[in-house]
Amino acid sequence: MTNHWIDMKHADVVMICGSNAVENHPIAAHWIMKAKENGAIVVSCDPRYTRTSAFSDHYCKMRSGTDIAFVNGMINYALQNDRIQLEYVRHYTNATFLLNPEYGFADGLFSGYDQATRSYDRSKWAYALDPSGVPKRDLTMRHPRSVLQLMKAFYARYDIDTVCNITGTPKDVYRKACDVYTSTWAPDRVGCWLYAMGTTQHSHGTQNIRSYAILQLLLGNMGMAGGGVNAMRGESNVQGSTDMGLLYHSLPGYLGEPVAAMQTLSTYLERLTPTSNDPLSANWWQNYPKYITSLLKAFWGTHATKDNDFAYSYLPKTVGNHSYVALVEAMHAGAIKGLFCFGMNPAVGGPNSTRAREALGKLEWMVAIDLFETDSSVFWKRPGTDPSTIATEVFLLPAAASVEKEGSISNSGRWCQWRYKAVEPPGDARSDAWIITQLVAGLRKAYDAGGAFPEPIRQLTWDYGQDADAHGEPDPHRVAREINGYFTEDKDIAGKLWKAGDQAPGFAALQADGSTACGSWIYCGSYPGPNKADNRLARREKSDPAKDPLGMHPNWSWCWPVNRRILYNRASVDAHGQPWDPKRAVIRWNADAKKWEGDVPDGPWPPGEKLPFIMRPEGVACLFAVALVDGPFPEHYEPVESPIRNPMSAVQYSPVCKVWDLKSIGEPGEFPIVATTYRVSEHWQAGAMTRNMPWLVELVPDVFVELSPNLARSKGIRTGDWVRVWTKRGELKARALVTNRFEPLFVAGRAVDQIGIPWHWGYAGIAKGDSANLLTANIGDPNTFIPEYKAFLCDLAKA
Amino acid sequence: MKTKALLIDLPRCTGCRGCQVACKQEYKRQAEKTTFFGGPGYQNPADLSAETWCLVTYNEVLVNGRHDWVFGKRQCMHCEVPGCASACPVKALEKLDSGPVIYHREKCIGCRYCMLACPFVVPRFEYETWNPYITKCTMCAHRQVAGGIPACAKACPTGAITFGDREVLIREAEHRIAGNPGGYVHHIYGMEEAGGTCVLHISSVPFEELGYVMRVPRSPMVAHTEPAMKAVPMVMLGLATVLGASYALRTRKQRDNQPAESGHIS
Ligand code: SF4
Ligand code: SF4
Ligand code: SF4
């Protein structure tokens with residue numbers, strides 16, 4: 001999130017789109033309720049009337065997979081009706097930038113498209129530069145090649161009739177949503193956008209989020225209290241996992257993945273360190289060399305030296321795609337021999353789970369680390385399988401649950417909170433850190449006996465100690481101190497001498513010369529001293545509402561970066577450092593004292609000295625962006641499986657998304673019904689925890705399909721009946737729940753039915769049932785390769 | 001001592017069932033065996049029971065011509081003059097000045113008159129066990145004594161359950177209704193029902209649409225039950241325990257707290 005949970009209470013309008021926050025993040029409702037008490041209007045956009053919709057003031061039904069059309073229409077509404085915060089847009093976004101003549105858009109394709117490789121040459125989407133290499137700007141924004149004018153032309157195609165014909169939202173309902181949400185263009189009205197996996201899990205999921213960001217920028221809602229683009233993460237610590245580089249395409253602190261073309265540290269840095277010739281741009285990522293060098297020092301300590309490129313060669317360089325589906329496909333093809341599965345349940349959680357289960361059977365070995373036997377750990381004896389035909393050797397290691405070990409979790413608002421151990425883990429259960437430590441020790445021993453390229457393992461810094469307790473658990477404080485970072489040698493910084501071994505005070509102190517080590521630069525400053533009392537993650541001080549009216553609680557835990565509670569907060573003030581919205585001031589420049597007050601600002605410079613979006617080389621936010629591989633503006637494409645032809649262009653679905661197997665894609669003639677998947681409050685992800693918890697099983701014991709009375713009548717289905725649902729990939733059996741909360745949509749001139757299925761079930765645990773992921777497809781967003789779980793085609797009948 | 005109460009503000013309820021699980025956890029009640037759903041929407045189990053003292057209901061209702069989803073909460077109402085207590089021949093149920101109607105299992109003889117006397121059909125009998133007792137929501141009297149609030153109120157994320165002085169909560173309910181006349185029906189359920197209760201509900205739709213018991217006299221239940229119960233000769237009480245044993249032979253289906261075989265709910 002750019003903002004944080006408590007901050008939701010400051011919104012004037014809360015848009016919940018691509019999320020069922022009230023059901024799946026129940027505590028979000030706590031804060032949104034406070035916003036409602038203050039008169040906020042809550043809007044819910046969802047294919048189905050959910051518990052979130054029931055909580056909201058205004059509900060927009062829509063067809064799954066049409067978010068871009070939905071939001072582009074709102075952007076168009078804002079542009080057409082002058083509902084944009086003009087000064088914010090002029091000074092804090094690239095609306096004023098001029099584009100070079102090569103950029104263009106026609107019939108669903110941006111310039112630079114290559115059909116053969118299904119990819120874009122993004123160099124065609126560049127700014128026009130002045131002789132000093134700074135993008136040309138027209139502050140009047142009237143120049144025909146200015147981003148604002150090109151946007152106006154692009155978005156004009158998304159009028160209300162066109163949008164509603166795609167999304168199926170009734171026009172009056174949609175117009176009202178546009179009107180309510182764009183009312184936050186006023187500097188002292190703020191809109192908060194909340195999203196989750198309903199947004200991301202599409203073949204254009206990243207562009208869905210882009211569309212939210214563009215709208216929020218036009219309305220001046222970024223950096224503001226009660227504003228922002230807020231991803232509600234699906235697991236309590238998913239924020240922490242991405243911060244620490246668990247995604248395949250990033251290193252800790254969102255440093256880029258070294259790919260095969262980056263064989264040396266200098267090529268890596270050349271490719272990834274942005275440059276700017278604009279003196280007003282802070283261009284914070286110019287510090288890339290400091291962060292990667294410090295990371296390498298944390299990994300390999302004294303073995304990482306200037307002479308060996310700080311052991312950069314020890315980092316694996318990726319070739320091709322290593323996203324989730326790609327890994328499953330590689331297992332299926334026999335290219336991957338072994339799998340460690342930490343708290344992950346691919347037999348239920350991934351798309352096309354039949355294929356994932358087959359893939360597990362092609363492994364030589366698999367280690368599942370979990371609280372319970374999971375559907376994945378018992379895949380070899382799943383119903384309909386003969387265990388004697390599966391050669392995979394499976395190990396199940398009992399893991400300690402989060403309350404059975406000490407450590408930290410980072411919540412969606414980037415607050416990293418320390419947790420104490422409440423109880424001892426049962427039996428042989430151990431923390432993940434203990435398990436990995438044993439693994440490192442075992443691997444080292446094996447490499448001592450020889451093997452190719454042993455240095456990365458043998459020289460790895462692994463000094464997390466051993467608790468005095470019976471099992472010798474590693475010390476989580478040592479891990480946290482390494483994540484914070486420390487000096488590896490004596491260093492003089494601006495006249496202050498830091499000794500080797502001192503904890504780093506913050507990332508501004510990190511160095512590119514090897515004198516600092518840091519496990520994740522964005523966490524630098526979280527544990528700035530040697531003692532447990534220095535652990536800022538463990539702080540538990542609530543602040544006095546009189547002194548902290550926004551409820552930022554700066555002394556409660558710690559949040560990255562530098563305890564800044566609202567990102568991009570420099571955009572919440574005008575050129576003089578005065579808040580656009582004085583009643584909810586995030587920061588404010590005190591001209592007398594010559595200092596900032598309020599939240600930790602995005603950089604210490606006085607107002608006007610630097611542009612506000614310090615992570616962008618432009619210094620401003622990008623309405624037009626070259627960062628994504630599928631276009632500088634979000635364009636509506638149909639989901640890969642769709643009931644209609646794309647009304648916007650001849651390009652049916654994302655021209656660059658990844659479809660692993662075209663034969664697995666169904667046609668609307670055979671599969672006429674739109675389906676989506678989701679979760680319920682009562683179950684958690686792939687269900688390993690909740691399907692083993694009797695009180696929760698009591699509440700929702702069985703997989704069910706929600707469908708409209710219309711569709712049910714036409715198929716002769718009643719509530720409680722068993723039904724079969726099938727797609728080109730597979731089939732499941734579930735109970736029917738006939739409900740008015742699903743309604744047919746009028747789309748492209750005809751009625752289209754939608755159904756929905758929660759996906760928590762599998763064959764292990766107390767509550768058993770088919771996983772909805774038997775139905776979903778191996779299709780990936782081209783930027784992240786997140787699978788398109790949320791929109792596909794099916795048919796159903798009474799079983 | 002001021003009488004305490006719970007105010008259930010249904011428009012604030014999100015149907016998350018934190019309360020339902022918190023109640024089970026507080027009293028270590030068993031999970032019931034359920035199949036699919038036991039009532040409209042996601043309701044489970046089908047009814048209050050010896051193991052389920054708090055039950056969230058899911059009601060699809062028409063509001064201004066549009067379908068809405070409105071949630072209800074069932075539990076003991078903690079009547080000011082409780083029919084259950086006045087029907088009990090041995091004072092196993094007791095109304096505390098502080099509000100809760102509590103149960104003394106050591107006094108209970110298993111006659112189950114309280115079950116017949118309760119207008120809200122709340123007390124349940126542990127047919128499952130060999131030594132059965134009556135069970136129901138206690139308003140978490142033991143937590144109140146310890147200075148806490150009921151477990152369900154504590155768990156509720158949205159403030160749909162407020163614990164406080166009954167008088168103050170009635171004023172609060174009136175204030176909320178007056179402040180949002182379009183958002184609430186003008187009815188505080190429990191202010192007068194059964195002569196007044198310590199659980200008060202306010203709603204955006206008429207309570208009958210949420211399946212709330214509507215045929216409750218406005219006067220205290222004692223007036224309706226006491227004369228009849230006084231006439232019961234003591235010998236009947238022994239008989240009641242025998243009846244209890246025969247009830248224990250009820251079918252498995254009933255114990256599963258499920259509607260009908262197919263799971264159909266109309
Ligand atoms: S609701 Fe029923 S059980 Fe509860 S106090 Fe009133 S009469 Fe007794
Ligand atoms: S007051 Fe206590 S016993 Fe009654 S429903 Fe709430 S948690 Fe359960
Ligand atoms: S905990 Fe609160 S919001 Fe959740 S179901 Fe119970 S009363 Fe409703």
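**Exercise 1. Identify the residues of chain A that ring pairs link into a cluster.**

Solution. The model is predicted. Following the ring pairs gives a cluster made up of A:Y103, A:F105, A:F110, A:Y113, A:Y120, A:W125, A:F154, A:Y155, A:Y158, A:F624 and A:F633. Over all chains, the count comes to 62 aromatic pairs.

**Exercise 2. Classify the pair formed by the rings of A:F154 and A:Y155.**

Solution. A pair of aromatic rings is described by the distance of the centres and the angle of the planes.
Step 1: the centres of A:F154 and A:Y155 are 5.0 Å apart, and the limit for pairing is 6.5 Å.
Step 2: the planes stand at 80 degrees, and an angle over 60 counts as edge-to-face.
Step 3: the pair A:F154 and A:Y155 is therefore edge-to-face.
As to burial, A:F154 and A:Y155 are both buried.

**Exercise 3. Describe the aromatic pair of A:Y568 and A:F613, and locate its two members.**

Solution. Step 1: the centre-to-centre distance is 5.1 Å and the planes make an angle of 35 degrees, the pair being tilted.
Step 2: A:Y568 is found in the loop between β21 (558-559) and β22 (587-590) of chain A, while A:F613 is in the loop between β23 (595-598) and β24 (658-659) of chain A.
Step 3: the pair therefore ties together parts 45 residues apart in sequence.
Step 4: A:Y568 has 25% relative accessibility and counts as partly exposed, whereas A:F613, with a relative accessible area of 4%, is buried.

**Exercise 4. State which arginine lies over the face of A:W415, and which over that of B:Y133.**

Solution. In chain A, A:R565 lies over the face of A:W415, 4.5 Å from the ring centre. In chain B, B:R105 lies over the face of B:Y133, 3.9 Å from the ring centre.

**Exercise 5. Characterise the surroundings of ligand 1 and ligand 3.**

Solution. Step 1: ligand 1 has 14 residues around it, of which B:C76, B:M77, B:C79, B:C84 and B:C118 come nearest. By class, this shell has 11 nonpolar, 2 polar and 1 charged residues.
Step 2: ligand 3 has 13 residues around it, and B:C13, B:C16, B:R17, B:C19 and B:C156 come nearest. The classes here are 8 nonpolar, 4 polar and 1 charged.

**Exercise 6. Work out the arrangement of the sheet that contains β1 of chain B.**

Solution. Step 1: the sheet is open and has 3 strands in the order β8-β1-β9, with mixed pairing.
Step 2: β8 (161-165) and β9 (199-202) of chain B are the edge strands, each pairing on one side only.
Step 3: neighbouring strands are turned by 25 degrees against each other on average, direction ignored.
Step 4: β1 (residues 4-9) of chain B is joined to β8(B) by 5 bridges, and the two run antiparallel. B:L7 stands opposite B:T162 in β8(B).

Key
Residues numbered from 1 in each chain as written. Chains lettered and ligands numbered in written order. Predicted model: local features only at pLDDT ≥ 70, side-chain atom pairs only at ≥ 80, totals over all residues. Heavy atoms only, no water. Near = heavy atom within 4 Å. Nonpolar A, V, L, I, M, F, W, Y, C, P; charged D, E, K, R; others polar. Phe/Tyr/Trp six-rings, centres within 6.5 Å; stacked < 30°, edge-to-face > 60°. Buried < 20%, exposed > 50% of the residue type's maximum accessible area, 1.4 Å probe, protein only. Helix = DSSP H or I, 4+ residues; strand = E, 2+ residues; numbered from the N terminus. Lys NZ or Arg CZ within 6 Å of the ring centre and 35° of its normal. Pairing = 2+ DSSP bridges. Axes fitted to C-alpha atoms, helices over the stretch in contact; angles between N-to-C directions.
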